[in-house]
Structures are given as structure tokens and as C-alpha cells.
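Reader: I would like to see how the labels put on this model follow from the values behind them. Please set each value against its cut-off.

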Amino acid sequence: MLPTKTLLFTTLMGTALFASCSKDNDDVTPIQNTDGRSAVSMRWHTDVPAGPSVVNWHAGYMNADEIQFDAKLMGKNNGNGNGNGNGNNGGTHVHYKSKVDQRIDLFNPVPFGNLMIPYGRYDNVMLKVRREPSPASHALYLEGDYMENGINVPVTIVVDETMDLKAKWKDPLTIANGVDYLSFLSFNLAELIDGLTPGMLQQASLTNGGLVISSSSNQHIYNMILENLEDMMKVKFE
């Protein structure tokens with residue numbers, strides 16, 4: 001079995017991490033390295049607020065359609081495969097993608113997707129996860145509740161817009177030959193509803209006794225959540 005390193009990759013409503021850490025010892029089976037390539041696979045993690053929150057979340061999923069790796073490969077290209085390169089001796093732009101088409105349970109972390117990346121030194125690294133609806137799944141779906149006058153009111157968020165969730169790393173990154181990598185994507189539920197107040201919930205329109213937040217229901221809250229999704233893409237090394 002090939003050694004496995006962990007890449008922390010936090011996108012989506014929070015600080016983004018892309019870092020090489022210690023070997024991973026969980027139950028994920030590393031993908032075997034072939035033709036001078038290393039596998040980059042992913043696992044989801046949801047950050048649930050430890051203290052009081054405006055909304056208490058307890059279920060949800062995201063439908064991942066595709067994962068991508070964009071970067072500049074420094075020096076000689078070590079492989080072609082799915083990569084499309086153009087450039088000069090200063091570096092070659094490469095783009096690798098893999099179809100996923102998988103519903104990711106946000107409260108039950110599981111591995112999903114993999115990319116076979118030629119080993120080498122990369123700059124301007126960007127990882128993307130395309131969130132997209134399918135005939136059987138929303139792009140993003142969350143269930144929770146909030147307390148009003150001693151009563152638990154159900155809350156549902158439904159997003160059916162396609163969006164690329166991405167994180168960049170500004171420093172060079174080395175993909176080692178024969179080492180497989182595991183990337184963690186972290187979903188921060190507190191950042192998702194940043195700006196949402198109890199007063200906004202009290203003034204929202206209810207449907208059958210529950211609060212539905214979607215493109216056609218409580219649009220002002222829905223647009224705020226979409227802005228949080230778009231604006232919280234930052235990168236930090238740890």
C-alpha cells in the first residue's frame with residue numbers, strides 16, 4: 001500500500017486550507033499510483049457550531065458533479081493524460097478533472113472522487129468542486145430548526161444553482177511520486193447563515209408551518225446565503 005498524506009482543503013463558507021500534513025490512518029483505501037502519478041481523493045467534513053446558533057442543523061447533502069485541479073506545472077511536464085498543457089519553460093498550465101455525480105451526506109463524511117496528478121512541483125494551484133443538481137437531488141439541501149415562542153420551527157434550504165466551490169493556494173505545491181493524497185473539504189454551517197438574525201426568521205414567510213429558503217421562497221434570505229457561498233472562498237496555510 002502506498003503512503004498517504006493529507007491535504008486540508010477547506011472551502012465553502014470559511015477559511016480555505018490547502019496543506020500537506022501527517023499520514024492519514026483512517027479507513028480510506030489509497031488509490032494505486034500508476035505511470036508516475038499520485039492520486040488526490042476527497043473527503044467531506046461539516047463544522048457544526050458548538051454553542052448556540054440561530055438555526056440548529058441536523059441533516060443535509062450536496063450533489064457533487066465534478067472535481068478539478070488547475071495549476072502551473074513547473075519545469076518539464078511529467079505526463080499528459082487528462083491534462084491540457086500550454087506554456088513555455090517557465091511552466092505549463094495543466095487542468096485535470098474527474099466526473100463524480102455523487103450525493104454527499106454533509107453529516108456523514110465519506111470519500112468521494114479522485115484525480116490522478118503527475119508528480120511534480122506546481123504553482124497557482126486551484127481545486128474545484130462543481131455543485132450541481134441532478135434529476136434526483138438538489139445541488140444543496142439542508143434541514144434544521146429554530147425556536148420561536150417555545151416552538152421548534154422546521155427550516156429547509158434548497159439550492160438548485162450550479163456553482164464551482166474553489167480554493168487557491170498561492171505558494172508552490174509538490175506532489176511526490178508514489179504518494180497518494182487525501183483532501184478534506186470543510187463545510188462551516190455558522191458561516192453559511194452569517195448575517196441571519198432571529199428577527200429575520202420571525203418576519204419570514206412560512207409554508208405549512210415550516211420555513212423554506214429557496215429561489216422562490218424567502219428570496220432575501222436565499223440571496224444572502226448565496227452571497228456567503230460566493231464570498232467566503234479564502235486560502236490559509238496551516
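Reader: What makes Ser186 count as buried or exposed?
Author: Buried means under 20% relative accessible area, exposed over 50%, and partly exposed in between, with a 1.4 Å probe and protein chains only. Ser186 has a relative accessible area of 7%, so Ser186 is buried. The residue lies in strand E13 (residues 180–188), where strands (E, at least two residues) and helices (H or I, at least four) are DSSP runs numbered from the N terminus. The C-alpha atoms of Ser186 and Asp47 are 6.7 Å apart, although 139 residues separate the two along the chain.

Reader: What do these values rest on?
Author: This is a predicted model, in which local features need pLDDT of at least 70 and side-chain atom pairs count only at pLDDT 80 or more, while totals for chains, interfaces and linings use all residues. Residues are numbered from 1 along each chain as its sequence is written, and side-chain values use heavy atoms, with hydrogens and water left out.

Reader: Why is Ser98 called buried or exposed at 19% relative accessibility?
Author: The limit for buried is under 20%. At 19%, Ser98 therefore counts as buried. Ser98 is in strand E6 (residues 91–105). Leaving aside neighbours within four places in sequence, Ser98 is in contact (heavy atoms within 4.5 Å) with Glu66, Ile67, Asn114 and Leu115. Its C-alpha atom is 8.9 Å from that of Asp65, 33 residues away along the chain.

Reader: How do you know that Asp145 has no salt bridge?
Author: A salt bridge needs a side-chain nitrogen of Lys or Arg within 4 Å of a carboxyl oxygen of Asp or Glu. Lys and Arg count as positive, Asp and Glu as negative, and His and the chain ends are not counted. For Asp145, the nearest side chain of opposite charge is Arg103, 19 Å away. Asp145 is buried and has no salt bridge. Asp145 sits in strand E9 (residues 140–148), and among the residues that Asp145 touches are His58, Asn152 and Pro154.

Reader: How many aromatic pairs are there, and by which rule?
Author: Rings of Phe, Tyr and Trp (its six-membered ring) pair if their centres lie within 6.5 Å; planes under 30 degrees apart count as stacked, over 60 as edge-to-face and the rest as tilted. The count comes to two aromatic pairs.

Reader: What makes the pair of Tyr61 and Tyr141 stacked or edge-to-face?
Author: The ring centres of Tyr61 and Tyr141 are 5.5 Å apart and the planes are at 25°, so this pair is stacked. Tyr61 is in strand E4 (residues 56–73) and Tyr141 in strand E9, 80 residues apart. Tyr61 and Tyr141 are buried.

Reader: What about Phe69 and Tyr122, stacked or edge-to-face?
Author: Their ring centres are 5.3 Å apart and their planes at 85°, so Phe69 and Tyr122 form an edge-to-face pair. Phe69 lies in strand E4 and Tyr122 in strand E8 (residues 120–131), so the pair ties together parts 53 residues apart in sequence. Both residues are buried.

Reader: How do you know that Arg103 lies over the face of Tyr61?
Author: The rule asks for NZ of Lys or CZ of Arg within 6 Å of the ring centre and within 35 degrees of the ring normal. Arg103 is at 4.1 Å from the ring centre of Tyr61 and lies over its face.

Reader: How many bridges join E4 to E8?
Author: Two strands pair if DSSP finds at least two bridges between them. Eight bridges join E4 to E8, and these strands run antiparallel.
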